[in-house]
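Here is a short tour to read alongside your viewer. Keep the sequence open as well, since several points below link places that are far from each other in numbering.

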Amino acid sequence: MPGYILDLDGTLYAGTNPIPEAAAFLNHLREQGAPRLFVTNNSSRTPEAVARHLREILGIPAEAEEVLTSAQAAARYQAEAAPGSRVYAIGEEGLRQALVDAGLVLCDDADEKPDAVVQGIDRSFTYEKLFAASRAIRAGAAFIATNPDLQLPTERGLTPGSGSLTAAIRAASGQEPVWIGKPSPIIMTYAVEKLGLPADEIWVVGDNLRTDIAGGLAAGCRTAWVLTGIASGVDPEAEMAASGIRPERILRHLLDWPDL
Ligand SMILES: [Mg+2]
C-alpha cells in the first residue's frame, strides 16, 4: 500500500473552490486505507485551519495531524538547530503558532537580539519589519525562509508570495536564507518521516513541477504531476523541457490515476 504526499492549492482546491475530482480521489484513497499527508508551502494557516478548509471546501474528513505546513517545518528546523532559541518572525498566525508550539521564543524587534529570523508570507509586511529582519541578520541571526514561491494565484490575479518578501530581506541583509518548503529536502524529509514509509513507496502529487515534483524526485519518492492549478492549460512537454524536471506520471486530473 503506497502512501501519498498531497499538495493542496492547485491540486485539491483552488483558493476557495474545490478541484472537481479531488474529493472522489481522496475517498478512493481512504477506502484503500492509504496513508496520506497534506503538505503545503503556505505558512499562513495553522494545521487546524488547513484541515477545516479541506473539510469545508471538499466535504471530506481531514485532521490537523494529517497536515504539514512550511511553517511547522521551519519551526522544527530552528528548534532542532537551537532548542528554545529566540526568533524574530515575519509571518501570520500559522507561522507564529508553529514557532511557539516548537518551544521557540518570539521577539518583537531586533533589539531583543534574536537567534534567527524566520520569514513566511505576511500580508502586513512593512518597512519596519524589513529593517528589523535585516538588522538581526546582519548582527548574526540565522535567516530561514518558509518557501520560495514568488507569486500566488488568487481570485485577484497573481499576488506577491512569500518568496517576494524573502527577496527584499535578501537584498537588505546581504544574506541568503535556508529554504524550508518544497522543493527543499528539509520539508520533504520531515514529510517522508511523518508518513513512516520508505520514500520509494510514497507518491508525491502536485500541480507545480518546480516545487512538488522537483521536491518529490529529490527525496527519492514517486511523482505524479496533475495538470490543474498552475499547470492547467500548460504544454506539459514544453514545461518539462524548460525545467528539466520529469515526473513519473502526468495526469489531466486526479481521477486519471491509472490503478485507482
Ligand atoms: Mg499547488
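The points below cover the metal site, the salt bridges, a charged surface patch and one long distance.

This is a predicted model. A good place to begin is the magnesium ion, which is coordinated by D7, D9 and D207. One of these residues, D7, also forms a salt bridge with K182, and a search of the whole structure finds 16 salt bridges.

**Magnesium site**

- The magnesium ion has D7 (OD), D9 (O) and D207 (OD) as its donors, at 2.1 Å.
- Along the chain, these donors of the magnesium ion are spaced as D-x1-D-x197-D.
- D7 sits in the loop between β1 (3–6) and β2 (13–14), while D207 sits in the loop between β13 (202–206) and α8 (209–218), so this pair ties together parts that are 200 residues apart in sequence.
- D7 has a relative accessibility of 8%; buried means under 20%, so D7 counts as buried.
- D207 also counts as buried, because its relative accessibility of 5% falls under the 20% cut-off.

**The salt bridge at D7**

- K182 and D7 form a salt bridge in which the closest N and O atoms are 3.0 Å apart.
- K182 belongs to the loop between β12 (178–179) and α7 (185–195), and D7 to the loop between β1 and β2, so the pair ties together parts that are 175 residues apart in sequence.
- Are the two partners buried or exposed? Both K182 and D7 are buried.

**Salt bridges with partners at the surface**

- R76 pairs with E193 in a salt bridge, with 3.1 Å between the closest N and O atoms.
- Since R76 lies in helix α3 (residues 70–81) and E193 in helix α7, this pair ties together parts that are 117 residues apart in sequence.
- R76 is partly exposed, with a relative accessible area of 27%, and E193 is likewise partly exposed at 48% relative accessibility.
- D111 forms a salt bridge with R135, and here the closest N and O atoms are 3.1 Å apart.
- D111 lies in the loop between β7 (105–107) and β8 (116–119), and R135 in helix α5 (residues 127–138), so the pair ties together parts that are 24 residues apart in sequence.
- D111 counts as exposed, because its relative accessibility is 52% and the cut-off is over 50%.
- R135 is partly exposed, with a relative accessible area of 34%.
- Beyond single pairs, salt bridges that share partners join D7, K182 and D212 into one network.

**Negative surface patch**

- Which residues form the negative surface patch? E48, E63, E65, E93 and D101 form it.
- One of them, E93, is placed in helix α4 (residues 93–101).
- E93 has a relative accessible area of 57%, so it counts as exposed, the cut-off being over 50%.

**A distance to check in the viewer**

- A79 lies in helix α3, the helix that also holds R76.
- At 17% relative accessibility, A79 counts as buried.
- A79 and I19 are 60 residues apart along the chain, and their C-alpha atoms are separated by 36 Å.

How values were computed: Residues numbered from 1 in each chain as written. Predicted model: local features only at pLDDT ≥ 70, side-chain atom pairs only at ≥ 80, totals over all residues. Heavy atoms only, no water. Donors = N, O, S within 2.8 Å, 3.2 Å for Na, K, Ca; no water. Helix = DSSP H or I, 4+ residues; strand = E, 2+ residues; numbered from the N terminus. Buried < 20%, exposed > 50% of the residue type's maximum accessible area, 1.4 Å probe, protein only. Patch = residues over 30% accessible without salt bridge, like charges linked within 9 Å, V, L, I, M, F, W, Y side chains within 5 Å. Areas by Shrake-Rupley, 256 points an atom, 1.4 Å probe, with all protein chains shown as cover. Salt bridge = Lys/Arg side-chain N within 4 Å of Asp/Glu carboxyl O. Lys, Arg positive; Asp, Glu negative; His and termini not counted. Charge placed at Lys NZ, Arg CZ, Asp CG, Glu CD.
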